[in-house]
Amino acid sequence: MEYNIVVALFIFLFGVSVGSFLNVLIYRIPNEISIISPPSACPNCKNRLKWYHNIPIISWIFLGGKCAFCEQKISIKYPLVELINGIIWVLLYFKIGLVWYFPFVALSFSMLLALSIIDLKYYAVPDSLNYAALIFALINPNFLISLRDAAIGALGLFLVGYFTSKLAKKDALGEADIIVAATMAALLGFPAFFIAMFISAIVAIIPSLFAKDTMIPFVPFLSIGTLITYLYKEELLNLLEVLLYGQS
Ligand SMILES: [Zn+2]
């Protein structure tokens, strides 16, 4: 894939700025605060932030990770979300180039990032962001194929959840997981969807080894599996073919 380093830099800065907005969503949606007003303020001293306190990553570094007014520590999670989102946007640009639907794919992954952090922090998956991720995933030249795949992915996971909960006599999968599955299927198609599910399950084993009996949020693993599969789709599909049918 040919790419332009100046374009990549702009996309990084754009992704970082969107990451800054993701922090607003991550903090406000689970706490049921409007995402438009009031403007950003320090959660501790309630002083409104000036524009130069609000520059993604840079402000956090220059303020030494503290509030400019009350010196309350500001978590490194804020600049990290911004940085991670910037990196995701650049990786997606390297993968698909500056196609017209690039912003929608990038925003879909940004929504998955926000959902992952909210799931880690609150064990919750807000519907608003979940449906936004799905809608962004559907906006591409193959809209009808993506829509069909989303429906199959959702139905598939619903059936898995239905029979698992019948067998285990408890709810195995939530409605939120089904929507995430639809987003994954819309972004990846089949059979790449199954590769992403497999990678997610493998990655999810790591924390479950350390944290027994505690709730493990699954959206972060689904999101990591989806991103890896999206970025290395052809390589992974080739690998799958070799594994199933041997060297061709
Ligand atoms: Zn403060």
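Two residues are in contact if their C-beta atoms, placed from the backbone, lie within 7 Å. By this criterion, 18 residues of domain 1 are in contact with 16 residues of domain 2. The structure is a predicted model, and the account below begins with this domain pairing before turning to the core, individual helices and selected residues.

The domain assignment divides the chain into domain 1 (1-98) and domain 2 (101-248), whose C-alpha centres are 25 Å apart. On the side of domain 1 that touches domain 2, H1 and H3 each contribute at least two residues. H3 provides the largest share of that side, with 10 residues. In character, the side comprises 15 nonpolar residues, two polar ones and one charged residue.

The chain as a whole contains 10 helices and zero strands, so that its pattern along the sequence reads α-α-α-α-α-α-α-α-α-α. Its radius of gyration is 19 Å, close to the 18 Å that the globule rule gives for 248 residues, and the chain is therefore as compact as a globular protein of that length. Taken along the principal axes, the C-alpha atoms fill a box of roughly 60 × 50 × 35 Å. Buried residues account for 33% of the 248 residues. Among contacts with a separation of 6 or more, 67% are between residues 24 or more positions apart.

The largest nonpolar core holds 55 residues, of which Ala114, Leu115 and Met184 touch the most other members. At least two residues of this core come from each of helix H1 (5-28), helix H3 (77-96), helix H4 (102-122), helix H5 (127-138), helix H6 (143-168), helix H7 (175-188), helix H8 (192-210) and helix H9 (219-231). H4 gives the most, with 10 residues. The core also draws on both parts of the domain assignment, with at least three residues from each of domain 1 and domain 2. For Leu115, the contacts beyond four places in sequence are with Val125, Leu129, Asn130, Ala133 and Val219.

Three of these partners, Leu129, Asn130 and Ala133, are among the buried residues of H5, together with Leu134, Phe136, Ala137 and Leu138. The buried residues of this helix pack against H1, H4, H6 and H7. At 1.5 Å a residue, the 12 residues of H5 should span 16 Å, and the 17 Å between its end C-alpha atoms agrees with that expectation.

Val219, a further partner of Leu115, is one of the buried residues of H9. The others in that helix are Pro220, Phe221, Leu222, Ser223, Gly225, Thr226, Thr229 and Tyr230. The buried residues of H9 pack against H4, H7, H8 and helix H10 (233-245). For the 13 residues of H9, a rise of 1.5 Å a residue predicts a span of 18 Å, and its end C-alpha atoms are 18 Å apart, in agreement.

Within domain 1, Glu82 deserves attention. This residue lies in helix H3 and counts as buried because 24 other C-beta atoms lie within 10 Å, where the threshold is 20 or more. The C-alpha atoms of Glu82 and Gly19 are separated by 4.0 Å, although the two residues are 63 residues apart along the chain. Apart from neighbours within four places in sequence, Glu82 is in contact with Val16, Gly19, Ser20, Pro56 and Ile57.

Ile57 belongs to the loop between H1 and helix H2 (58-62). With 16 other C-beta atoms within 10 Å, Ile57 is partly exposed. Its contacts, leaving aside neighbours within four places in sequence, are Val16, Pro79, Glu82 and Leu83; Val16 is thus listed for Ile57 and also for Glu82. The C-alpha atoms of Ile57 and Val81 are 9.3 Å apart, with their positions 24 residues apart in sequence.

The backbone has several features to examine in the loops. The loop between H1 and H2 contains Glu32 and Lys46. Glu32 has a positive phi of about 55° although it is not a glycine, and it counts as exposed because it has 7 C-beta neighbours inside 10 Å. Lys46, likewise not a glycine, has a positive phi near 65° and is exposed, with 10 other C-beta atoms within 10 Å. Elsewhere, a cis peptide bond with omega of about 0° joins Phe190 and Pro191, and Pro191 is placed in the loop between H7 and H8.

Definitions and conventions: Residues numbered from 1 in each chain as written. Predicted model: local features only at pLDDT ≥ 70, side-chain atom pairs only at ≥ 80, totals over all residues. Core = buried A, V, L, I, M, F, W, Y, C linked by C-beta atoms within 7 Å. Buried ≥ 20, exposed ≤ 12 C-beta atoms within 10 Å, placed from the backbone. Helix = DSSP H or I, 4+ residues; strand = E, 2+ residues; numbered from the N terminus. Domains from an automatic or database assignment. Expected span 1.5 Å × (residues − 1). Rg over C-alpha atoms; globule rule 2.2 N^0.38 Å. Nonpolar A, V, L, I, M, F, W, Y, C, P; charged D, E, K, R; others polar.
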